[in-house]
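Below are some notes on the model you sent, set out as numbered points. They cover the fold, the strand pairing and the salt bridges.

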Amino acid sequence: MWPFSNKAAPPVIRRLTSDHAPDCARIHAAAFHRGWSASEIANLAQDGSVLAHVALDSAGREVLGFSMARHAASEAEILTIVIDGTKRQRGLGKELLGAQLKALEELGIKEVFLEVDGLNRSEEHTSELQSHLNLVCRL
């Protein structure tokens, strides 16, 4: 990257593995009232009905956030999507969700459900989310 650029390198989005679970648990615990443990995250990541992605820094070392969705037939539910509190407001959540939705679409998913916490009830944010894949947001 050019040394005078203020623009951050894009994140690397990959499938989440159990190796990422401790960092994901730390991020989840900081963002939610009841955070998930590393073992819960690892178990979900290994579940065949769960599609899990992790956003890493451009070097592929630091976990910036992650998302998980459980799917069955032609439907899926986003179980969680979370970005490290120190990395928010940079568009990472949008990129991570976009990768998650694309992967779900490739699996033949037609409808995706997302329950939005009351603290995330931005009308602009919700309508943008609903433009993807028949995404149904429960408020």
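1. In this predicted model, the hairpin of β3 and β4 has two residues between the strands, and Ala 73 there takes a positive phi near 55 degrees. The two strands run antiparallel and are paired over eight bridges, with β4 covering residues 75-83. Within that pairing, Ser 67 lies opposite Ile 81 of β4.

2. On its other pairing, β3 is joined to β2 (residues 50-56) by seven bridges, again in the antiparallel sense. Ala 55 has Gly 65 of β3 as its bridge partner. The hairpin of β2 and β3 has six residues between the strands, and Gly 60 adopts a positive phi near 80 degrees.

3. How enclosed is strand β3 by the rest of the structure? Eight of its ten residues (strand residues 63-72) are buried, so the strand is largely enclosed. Arg 70 is partly exposed, at 34% relative accessibility, because the buried class requires under 20%.

4. For context, the protein contains four helices and six strands. Their order along the sequence is β-α-α-β-β-β-α-β-α-β. Of the 139 residues, 37% count as buried. The exposed area is about 8,400 Å², with carbon and sulfur atoms supplying 49% of it. Among contacts between residues at least 6 apart in sequence, 53% join residues at least 24 apart.

5. How many salt bridges does a search of the whole structure find? The search returns four; three are described here. Side chains of opposite charge can pair when their charged atoms come close.

6. Arg 70 and Asp 47 form a salt bridge through their side chains, at 3.3 Å from N to O. This pair links distant parts of the chain, 23 residues apart: Arg 70 belongs to strand β3, whereas Asp 47 sits in the loop between α2 (38-46) and β2. Asp 47 is partly exposed, with 28% relative accessibility.

7. Glu 62 and Lys 87 make another salt bridge, their closest N and O atoms being 3.4 Å apart. Here too the pair links distant parts of the chain, 25 residues apart, with Glu 62 in the loop between β2 and β3 and Lys 87 in the loop between β4 and α3 (92-106). Buried or partly exposed: which class does Lys 87 fall into? At 17% relative accessibility, Lys 87 counts as buried, because the cut-off is under 20%. Glu 62, at 33%, is partly exposed.

8. Glu 40 and Arg 34 also form a salt bridge, with 2.7 Å between the closest N and O atoms. Glu 40 is partly exposed at 30% relative accessibility, and Arg 34 is partly exposed at 49%.

Definitions and conventions:
Residues are numbered from 1 along each chain as its sequence is written. This is a predicted model: local features need pLDDT of at least 70, side-chain atom pairs count only at pLDDT 80 or more; totals for chains, interfaces and linings use all residues. Side-chain values use heavy atoms; hydrogens and water are left out. Buried means under 20% relative accessible area, exposed over 50%, partly exposed in between (1.4 Å probe, protein chains only). Contact means heavy atoms within 4.5 Å. Accessible areas come from the Shrake-Rupley method with a 1.4 Å probe; for residues, only the protein chains shown count as cover. Two strands pair if DSSP finds at least two bridges between them.
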